[in-house]
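Dear colleague,

I am handing over the structure we spoke about, with the sequence alongside it. Please look it over before reading my notes.

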Amino acid sequence: MAVAGETAKVDPMYQFTVKPLLGENLDIAGYNIAFTNSALWMLITAVVLWVFMIGGMKRELVPGRWQMTVETFTGFIDDMLEANVGKAGRKYVPYIFSLFMFILLANLLGLMPLGIFGVHPFTFTSHFTVTGIFAIISFAIVLIVGFAKHGLHFFSLFVPSGTPLPMVFVIAPIEFISFLFRPFSLGLRLFVAMMAGHVLLEVLSSFVIDGWNAGAGFGLLVGVPSFLLMVAICALEILVAGIQAYVFALLSSLYINDAENLH
Amino acid sequence: MPQIDQMFEIWSSQLFWLLVIFGFVYFVVGRGMVPKVMDTVGLRDKQIADDLAAAQAARDSADEAEEAWRQRENANREAAQALVNEAKAKAQASTESRLASAQTGIDAQLAEAEASIEASRAEAAAEIENVAAEAAQDITQRLANIKVTKTEARSAVKKAMVHG
């Protein structure tokens, strides 16, 4: 952060910088696989999720609060797949649950105010190199399941049922392009939403710091309202963290439904 | 924007670690733990459904038992009522017959008593006749010095008694 007297400048994008922590020059086949802060927070997210799930493994007939919470989450994903895909959706519960919980916890952990302890959380879902991989995995599942289950008949997905024959030649390319855009929209939506919230919080925090650095008058006029707005936006970001994870899981399950049931 | 600036240097590391860590999440959490949690929920739902079914069955059988008991109870009550009625009728009949026999006994005694009264009266009348005849015989001998036979005296007394 800027120190009083310097040209107070906060770079709101600096928080997204990926820094290697271990094995800076670790390569596989010429590609760098350094263990970065991004990888560290992936690991922390995975461990938090694993610990959370252990609470659900007590397998008691009358569940405690923790077990109940875990069962609520699995039931939520199970119901979502049941509603969107049907009975065949059950076999995708492990994938959609992993996806949803991993993204949700990553979003929430990235919002934790750990900066006051000197630890800076890194929100890896604000990188399209990560969200893009999730999108590609979901899209690959759609393609593999679609072609394995329906063969070339899968292409009938691009012709909505009841389309008049002359319209097929117009609609099919549009449907095809919209289908191809799915992985991009899926990956970009999460990345943009997470990045925007973090940038907004960073910009507002720079208003608070710069305002107070410029004097008590600016501090009261700019700093205090900005701080109040930050508090409100933090609450909004928690909501966005949940919604984006839900949207990602929901859209993945809807696309899987296309592959399972065509139309 | 580090996401774009660093893209070419970090993408391989991001891909590698995401695949490793998300792979762990998918296989350990998604495949290992989620089915067990869902099994627990399924078992619980099944147990609840079974318990509810058992409770319903128990309730049905209780209703059935109550119905059977009610029928048995009604039959018993009817049988008891019949028994009471029969006993009542029997008692009534025996009372009536005893009453009748008592009545006949009383009638017989009455008739006997009447007969004995009649006999006594007749005897008394005969005695009076006798006494009157003897008295008349005696009186006629004493007053008129006429010897009247017993038979004459008796017929005269009889005549006088009949005429009053």
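Below is what was found in it, beginning with confidence and overall make-up and then turning to the pocket, the aromatic pairs and some single residues.

Please bear in mind throughout that this is a predicted model. For chain A the mean pLDDT is 87, and 96% of the residues reach 70 or more. Residues 1-8 of chain A are an exception to keep in view, since pLDDT stays under 50 there, and the model has eight contacts beyond four places in sequence for that stretch. Where pLDDT is low, the predicted coordinates should not be read in detail.

As for the make-up of chain A, its secondary structure comes to six helices and four strands, and along the sequence these follow the pattern β-β-β-β-α-α-α-α-α-α. Taken along the principal axes, the C-alpha atoms of chain A fill a box of roughly 70 × 55 × 45 Å. Of the 263 residues in chain A, 45% are buried. Among the contacts in chain A with a separation of 6 or more, 65% are between residues 24 or more positions apart.

The second largest pocket may interest you, and it holds about 310 Å³ of space. It is lined by 14 residues, of which A:F128, A:T129, A:G132, A:I133 and A:I136 are the closest to its centre. Both chains take part in this lining, because α4 (128-150) and α5 (165-213) of chain A, as well as α2 (7-144) of chain B, each supply at least two residues under the helix assignment used here. The most is given by α4(A), with six residues. Sorted by class, the lining of the second largest pocket has eleven nonpolar and three polar residues, and no charged ones.

Turning to the aromatic side chains, the count over all chains comes to 24 aromatic pairs. One of them is formed by A:F158 and A:F179, an edge-to-face pair with 5.3 Å centre to centre and 70 degrees between the planes. Because A:F158 lies in the loop between α4 and α5 of chain A while A:F179 lies in helix α5 of chain A, the pair ties together parts that are 21 residues apart in sequence. Both count as buried, A:F158 with a relative accessible area of 7% and A:F179 with a relative accessible area of 5%. In chain B, B:Y26 and B:F27 also form an edge-to-face pair, at 5.0 Å centre to centre and with 75 degrees between the planes. Here B:Y26 is buried, with a relative accessible area of 18%, whereas B:F27 is exposed, with a relative accessible area of 54%. These two residues of chain B belong to one aromatic cluster that they form with B:F22 and with A:Y95, A:F102, A:F124, A:F134 and A:F248.

Two further residues of chain A are worth setting side by side. A:H153 is found in the loop between α4 and α5 of chain A, and it is exposed, with a relative accessible area of 51%. From A:H153 to A:L262 the C-alpha to C-alpha separation is 9.0 Å, although the two are 109 residues apart in sequence. A:G197, by contrast, has its place in helix α5 of chain A and counts as buried, at 3% relative accessibility. The C-alpha atoms of A:G197 and A:L111 are separated by 9.6 Å, with their positions 86 residues apart along the chain.

With best regards

Notes. Residues are numbered from 1 along each chain as its sequence is written. Chains are lettered from A and ligands numbered from 1 in the order in which they are written. This is a predicted model: local features need pLDDT of at least 70, side-chain atom pairs count only at pLDDT 80 or more; totals for chains, interfaces and linings use all residues. Side-chain values use heavy atoms; hydrogens and water are left out. On a 1 Å grid over the protein atoms alone, a cavity is a set of points where a 1.4 Å probe fits but cannot get out, and a pocket is an open set with protein on both sides within 12 Å along at least five of seven lines; lining residues have an atom within 4 Å of a point. Grid points are joined across faces, edges and corners, and a volume is the space filled by probe spheres set on the points. Ala, Val, Leu, Ile, Met, Phe, Trp, Tyr, Cys and Pro count as nonpolar, Asp, Glu, Lys and Arg as charged, and the others, Gly among them, as polar. Buried means under 20% relative accessible area, exposed over 50%, partly exposed in between (1.4 Å probe, protein chains only). pLDDT is the predictor's confidence in each residue, from 0 to 100. Contact means heavy atoms within 4.5 Å. Rings of Phe, Tyr and Trp (its six-membered ring) pair if their centres lie within 6.5 Å; planes under 30 degrees apart count as stacked, over 60 as edge-to-face and the rest as tilted.
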